[in-house]
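The exercises below are meant to be worked with the sequence and the three-dimensional view side by side. Try each task before reading its solution.

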Amino acid sequence: MKKVILRAALLALCIAMMALSLSACGGSGADSGDIIKLKMAVADAASSAQAAGARAIAEEVEKATNGRVQIEVMAGGTLGGERDTVELAMLGGIDIVTCANSVLTQWIPEMAILDQPYLFTNEAQAHAAVDGPVGELIEREALELLNLHVVGYMESGFRNVFSIKPVTEMGDFHGMKIRTMQNAYHMAAFESFGAIPTPLAAGEQFTALQQGTIDACENAISNCLNNGFYEITKHITYTNHAFVYIVVSMSDNAWNNIPEDLRPTVLEAIERGYNIERELLKQANEDATVTLRDTHGVTFHEINVPQLQEAYHSLAEQKGFTFDPEWQAAIDEAIAANP
């Protein structure tokens with residue numbers, strides 16, 4: 001009940017904010033001289049690569065439009081969590097939202113194909129998918145089903161394991177309680193490794209590690225530094241088990257408030273911004289690796305990734321995981337072009 005009340009309160013607040021914003025810039029379809037002010041929700045902390053990427057998008061858009069379109073970035077979950085803000089954007093209550101691709105899977109089930117562990121072997125494949133045929137499918141379905149305009153793809157990239165005890169071979173996963181997202185495919189991967197996948201909200205991980213409720217968690221390496229997990233998890237293993245996108249979507253209200261002749265300029269600027277985020281994330285992970293190793297005493301481990309892949313694919317076959325043929329063909333196209 002509290003969650004429902006919170007969502008209702010957030011909806012009322014954000015719709016009121018949208019109404020003020022539209023009033024300030026002349027309503028839907030602003031005149032050529034109006035300043036269009038938009039708010040962008042980011043669940044990650046202001047210090048994260050995703051928030052920095054959102055600010056880069058805002059800067060690129062303002063510069064490209066000579067100040068006619070201005071985006072205010074609201075980071076740290078100020079406007080709510082990812083699902084909450086997506087729901088608000090669907091109703092026109094928030095201008096621009098960011099969320100992990102798995103969040104949109106709740107409405108677009110075909111997107112589950114992106115949740116597969118070991119789907120991509122390199123970043124080029126992952127980028128080619130959403131910058132090409134898979135992105136086109138996402139954009140089509142989001143507009144038709146959610147009334148959202150998907151305008152870009154930031155990312156949190158490949159995920160690795162942070163653990164209290166070292167993990168250097170698959171047998172080390174046996175009996176390990178590891179926090180995962182509530183995601184059937186990610187959970188199946190760790191089940192196949194011999195671990196005990198334990199879905200928890202992101203904000204509960206640190207306490208769960210402290211209390212021994214879990215033995216490990218997984219995410220981008222910079223996340224280990226930003227969230228202080230290194231105080232407990234002194235080992236990081238390069239599993240590279242999943243690739244996660246941060247999808248950038250614009251409400252229909254906000255989209256229609258941008259003059260038609262200005263939209264291509266805005267989209268090109270957003271693309272420059274999310275490409276900046278991808279580079280920022282790469283640098284953040286490299287910097288975090290040095291800091292974690294040299295300052296916080298974290299040890300990094302390699303592992304037999306092909307063995308992990310084989311274990312997951314074997315269990316996935318047993319579970320009968322299958323995906324929409326159109327989406328599978330789009331994925332196969334991106335992978336084939338970037339071996």
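A residue is called buried when its relative accessible area is under 20%, exposed when it is over 50%, and partly exposed in between. Keep these cut-offs at hand, and bear in mind that the model is a predicted one.

**Exercise 1. A residue in a helix**

Task: Find A128, decide which accessibility class it belongs to, and name residues that it contacts beyond its neighbours within four places in sequence.

Solution. Begin with the location: A128 lies in helix α5, which spans residues 123–130 and packs on the sheet, where it touches β4 and β10. The relative accessibility of A128 is 24%, and therefore A128 counts as partly exposed. Next, leaving aside its neighbours within four places in sequence, look for the contacts of A128, which are with P133, A334 and N338. Finally, compare distance along the chain with distance in space: A128 and I335 are 207 residues apart in sequence, yet their C-alpha atoms are 7.8 Å apart.

**Exercise 2. The order of a sheet**

Task: Work out in what order the five strands of the open sheet are arranged, and which of them are the edge strands.

Solution. Following the sheet across, one reads the order β2-β1-β3-β10-β4, and the pairing is mixed. The edge strands are β2 (69–74) and β4 (148–158), each of which pairs on one side only. From one strand to the next, the twist averages 20°.

Now consider the two pairings made by β10 in turn. With β4, strand β10 (residues 243–251) pairs in the antiparallel sense over nine bridges; among the facing residues, V150 has S249 as its bridge partner, and E155 stands opposite Y245. With β3, strand β10 is joined by five bridges, and these two strands also run antiparallel; here T98 stands opposite V248.

A helix can then be placed against this sheet. Helix α3 (residues 82–90) lies across β1 (36–41), β3 (96–100), β4 and β10, and it runs at about 140° to β3. For helix α5, the direction makes about 25° with that of β10.

**Exercise 3. The two faces of a strand**

Task: Explain why β10 is described as largely enclosed by the rest of the structure.

Solution. Start from a general point: in a regular strand the side chains alternate between the two faces of the sheet. Sorting the residues of β10 by face puts F243, Y245, V247, S249 and S251 on one side, and V244, I246, V248 and M250 on the other. The residues on both sides are all buried, and both faces of the strand are thus covered. Because nine of the nine residues of β10 are buried, the strand is largely enclosed by the rest of the structure.

**Exercise 4. A helix with a buried face**

Task: For helix α12, find how its span agrees with the expected one, and which residues are buried.

Solution. Helix α12 covers residues 305–319, which is 15 residues, and it reaches 21 Å from its first C-alpha to its last, close to the 21 Å expected at 1.5 Å a residue. The buried residues in α12 are L308, A311, Y312, L315 and A316. Seen down the axis of α12, these buried residues fall within an arc of 130°, so they line one face of the helix. What covers them includes α7 (184–193), while on the other side of α12 the residues P306, E310, E317 and Q318 are exposed.

**Exercise 5. Two cysteines**

Task: Decide why C224 and C217 do not form a bond through their sulfur atoms.

Solution. In general, a disulfide is a covalent bond between the sulfur atoms of two cysteines. The test applied here asks for sulfur atoms within 2.5 Å. The sulfur of C224 is 6.8 Å from the closest cysteine sulfur, which is in C217, and this is too far for a bond. By this rule the count comes to zero disulfides. As for accessibility, C217 is buried because its relative accessibility is 0%, and C224, also at 0%, counts as buried.

**Exercise 6. Positive phi angles**

Task: Say where N66 is found and where N240 lies, and classify the accessibility of N66 and of N240.

Solution. N66 is found in the loop between α2 (49–64) and β2, and its phi is positive, about 55°, although it is not a glycine. With 73% relative accessibility, N66 counts as exposed. N240 lies in the loop between β9 (235–237) and β10, and N240 has a positive phi of about 45° without being a glycine. Its relative accessibility is 32%, so N240 counts as partly exposed.

Methods
Residues are numbered from 1 along each chain as its sequence is written. This is a predicted model: local features need pLDDT of at least 70, side-chain atom pairs count only at pLDDT 80 or more; totals for chains, interfaces and linings use all residues. Side-chain values use heavy atoms; hydrogens and water are left out. Buried means under 20% relative accessible area, exposed over 50%, partly exposed in between (1.4 Å probe, protein chains only). Two strands pair if DSSP finds at least two bridges between them. Helices (H or I, at least four residues) and strands (E, at least two) are DSSP runs, numbered from the N terminus. Axes are lines fitted to C-alpha atoms, for helices over the stretch in contact, and angles run from 0 to 180 degrees between N-to-C directions. Contact means heavy atoms within 4.5 Å. The expected span of a helix is 1.5 Å times one less than its number of residues. The arc is that of the directions from the helix axis to the C-beta atoms.
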